[in-house]
Amino acid sequence: MDIADSFAELAIPQQSTRAGIYHYDAYDRAFLQERIAEFRGQVERRLAGALTEDEFKPLRLMNGLYLQLHAYMLRCAVPYGILSSQQMRQFAHVARTYDRGYGHFTTRQNLQFNWIKLVEAPDALAALAEADLHAIQTSGNCIRNVTTDEYAGAAADESVDPRVYAEILRQWSTLHPEFSFLPRKFKIAITGAAVDRAAIQVHDIGLAVKRDAEGRIGFEVWVGGGLGRVPVIGNKIRDWLGEDDFLAYMEAVLRVYNALGGRENIHKARIKILLRDVGPAKFTEMVEREFSWIPKEKFRIDPEVIAAIRAHFDPPPFAVLPNAAATLAQQVAANAAFAAWVEHNTHPHKQPGYVSAVISLKPIGGVPGDASADQMDAVADLADRYSFDEVRVSHIQNLVLPHVRQDELFEVWQALATLDLATPNIGTVTDIIACPGLDYCSLANARAIPVAQNLSERFRSLERQYDIGQLFLNISGCINACGHHHVAHIGILGVDKKGEEFYQITLGGSATNDAAIGDIVGAALSYDKVVDAVETIIQTYLGLRTSAAEKFIDAYRRVGMAPFKDALYAVA
Amino acid sequence: MPLLESGQPVADRFTAVADDAVLPDAPALIPLARIASVDAGRNAELGVQVTSSTAPEAIAPYLDRVTLVAIEFPKFRDGRGFTIARTLRERYGYTGEIRAVGHLLPDQYSHALRCGFTSAVVPDGADLAPWRAALQVVTLAYQPDVTGSDPLDGLRRHRRYG
């Protein structure tokens with residue numbers, strides 16, 4: 001009797017069928033229960049002394065449980081950033097029951113709870129599982145939660161829906177028998193749109209799914225990008241990888257890495273170091289050689305399997321609507337605040353009459369990415385009412401209602417405004433990415449959150465934010481770069497100098513199609529100088545831009561570092 | 001030290017033989033480096049022990065002469081052994097015993113079996129209960145493995161019922 005067959009009759013999704021999320025079937029649920037039972041057993045063995053802390057650590061990490069400065073932190077997976085409203089409510093429930101009533105959305109599209117007790121962790125996981133949520137492989141030296149474009153399946157500029165392949169990767173990488181004890185963590189990102197919103201060039205593997213002239217689906221494969229202490233843009237090792245060979249090729253890359261990646265020094269263990277050491281050409285050759293003898297048929301995903309998974313992501317039952325340009329234009333004309341929000345917090349949708357709406361988790365002076373349980377519940381209600389039960393998490397640490405009717409956008413905005421979730425600052429200087437930093441994290445050298453809050457306060461004027469224009473400002477509290485400071489237009493890195501917090505500033509980074517690692521301006525500055533320094537950099541930009549249309553990043557690329565450095569380090 | 005197969009202790013018919021000791025006319029486990037100097041006409045079974053940094057290509061020439069490959073896990077976090085075992089099975093079609101020796105946790109036992117290991121040496125006095133339990137804890141899997149049994153191939157279940 002085939003185990004998979006025995007689940008066939010139970011395969012009716014129990015969740016709302018409206019949301020375009022991957023609905024767990026009985027197989028997924030049974031797997032999750034097994035995994036929770038396993039972890040419960042591991043916690044018991046640890047508490048009984050049968051596992052040393054050294055042995056227990058990787059096991060708990062693979063279940064998302066970190067030991068932080070003040071408590072355990074549980075990093076819950078939001079697979080490729082997609083949540084049903086029911087799942088969002090379950091996060092709210094866990095926040096209230098096992099944490100302090102809030103959670104933190106991360107740059108990897110996950111949600112972290114910062115105040116978890118070890119003895120309650122299995123119960124928290126069991127509660128998450130009630131909504132098909134888990135914390136599997138959100139940490140540890142394994143293949144992490146796959147990330148993608150927050151507008152996947154909705155964006156007007158998308159050619160192939162990346163969610164299908166993100167889900168295949170999720171299943172393939174879950175408790176992979178060969179690749180669960182890698183030299184180091186391994187992150188995969190995938191995009192299917194013209195504009196890369198998944199930062200594929202700074203991931204261990206970055207994938208761009210696309211179609212060829214005949215309409216066949218394939219992938220561009222980037223390998224060896226990453227941030228951390230050795231920031232590097234990945235190398236494209238394949239311009240075209242056919243859908244049939246998708247998993248076989250992933251196996252080949254991972255196998256080369258597992259066999260040859262550094263294991264002596266934790267700081268030289270990522271695949272980017274292996275690629276740098278052997279060189280891109282040799283590395284590519286090693287992958288292709290491994291790929292040449294992998295049994296392709298074994299890893300070929302049958303077209304029916306892909307079709308079945310794609311069916312999970314069928315478009316929701318959109319109404320047939322014209323674009324509501326006229327209605328919107330009237331509302332925009334009548335209400336300046338709404339106009340600003342529409343301009344900054346919406347993204348074009350592929351379905352006429354619809355739009356994606358971004359919920360800013362960056363209120364002025366707030367903690368980037370934090371949401372209270374009440375806000376989570378409220379967002380879930382809005383998703384039910386206006387977005388086919390669906391919510392997205394962006395790697396910029398905001399939320400998205402992916403499918404909003406244009407003629408209902410005004411109502412959505414009004415509702416968000418009453419929840420303090422309508423800050424119209426997406427893509428502006430106050431839409432700051434920040435890691436938890438020294439307020440929570442045991443790895444951090446410096447605080448990130450208060451720096452973000454102070455900057456947000458300094459640039460609170462919307463008029464000023466809009467005058468400055470698009471500007472990505474990211475803050476990391478240590479060299480591990482969870483705040484993605486290397487790929488920000490203005491990056492801020494916290495460092496420790498003899499027990500004092502200092503901050504190094506970089507300029508000119510980018511995480512999208514024109515990915516670049518920012519350049520260090522000069523000596524690190526003390527905590528109380530950071531906000532003024534950013535002010536100086538921005539004033540310098542405003543003074544030298546050719547027109548308001550020249551973005552910060554473009555101006556920087558035109559003039560280079562010198563004017564900024566001169567302004568920042570001019571003898572006072 | 002107990003040798004486990006399918007979670008149960010079994011007798012170990014192999015004797016580990018040091019580099020310079022005389023090979024007995026009985027199943028013997030030797031370091032890989034020594035096999036090149038072993039008489040090709042030897043009748044008794046031969047096994048080779050390899051470190052986790054051994055390339056499968058270095059083992060391949062001898063696979064038709066051995067019935068056991070023992071792969072060392074210097075530290076349980078060192079997952080290279082999984083790749084070695086899997087490569088011996090999938091690329092070289094090796095069908096003999098593959099044994100895990102060294103620091104392996106019960107929590108990795110089913111990973112090991114799915115990569116092609118058939119046996120594991122556990123420390124003297126180890127509680128065998130977690131090893132037995134490990135085979136029943138997580139029984140479902142999503143990806144193809146060397147066992148080749150379709151039931152473990154969770155991804156393909158979608159073919160049946162979407």
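A:His347 is a buried residue, with a relative accessible area of 15%, and that is a handy place to step into this predicted model. Look for A:His347 in strand 11 of chain A, which covers residues 346-348. Its side chain isn't on its own in there: a polar contact of 3.3 Å links the side chains of A:His347 and A:Arg197. Leaving out residues up to four places away in sequence, A:His347 touches A:Arg197 along with A:Tyr151, A:Ala155, A:Asp157, A:Val355 and A:Ser356.

Now slide back along chain A to another histidine, A:His344. This one sits in helix 13, residues 336-345. Is A:His344 buried or exposed? A:His344 counts as buried because its relative accessibility is 18%, and the cut-off for buried is under 20%. So what does A:His344 touch, once residues up to four places away in sequence are set aside? The list is A:Pro424, A:Ile426, A:Thr428 and A:Tyr466. Take A:Pro424 from that list: A:Pro424 and A:His344 are 80 residues apart in sequence, yet their C-alpha atoms are 5.9 Å apart in space.

With those two histidines placed, zoom out to where the chains meet. On the chain B side, 44 residues are in contact with 55 residues of chain A. People often describe how big an interface is by the accessible area lost when the parts come together. Here, the area buried between chain B and chain A is about 4,600 Å², and carbon and sulfur atoms give 58% of it.

What about the polar side of things? Across the interface of chain B and chain A there are 19 residue pairs in polar contact, counting pairs with both residues at pLDDT 80 or more. The salt bridge count between chain B and chain A is 8. If you want one to pull up on screen, try A:Glu178 with B:Arg86: they form a salt bridge, with the closest N and O atoms 3.4 Å apart.

Which helices of chain B each supply at least two residues of the side that touches chain A? They are helix 2 (80-90), helix 3 (109-115), helix 4 (129-137) and helix 5 (158-161). Helix 2 of chain B gives the largest share of that side, with 6 residues. Sort the residues on the side of chain B that touches chain A by type, and you get 17 nonpolar, 11 polar and 16 charged.

How values were computed
Residues are numbered from 1 along each chain as its sequence is written. Chains are lettered from A and ligands numbered from 1 in the order in which they are written. This is a predicted model: local features need pLDDT of at least 70, side-chain atom pairs count only at pLDDT 80 or more; totals for chains, interfaces and linings use all residues. Side-chain values use heavy atoms; hydrogens and water are left out. Contact means heavy atoms within 4.5 Å. Buried area is the accessible area (1.4 Å probe) that two parts lose on being put together, summed over both. A salt bridge is a side-chain nitrogen of Lys or Arg within 4 Å of a carboxyl oxygen of Asp or Glu. A polar contact is a pair of N or O atoms within 3.5 Å; within protein, one must be able to donate a hydrogen and the other to accept it, and residues adjacent in sequence count only if both atoms are side-chain atoms. Helices (H or I, at least four residues) and strands (E, at least two) are DSSP runs, numbered from the N terminus. Ala, Val, Leu, Ile, Met, Phe, Trp, Tyr, Cys and Pro count as nonpolar, Asp, Glu, Lys and Arg as charged, and the others, Gly among them, as polar. Buried means under 20% relative accessible area, exposed over 50%, partly exposed in between (1.4 Å probe, protein chains only).
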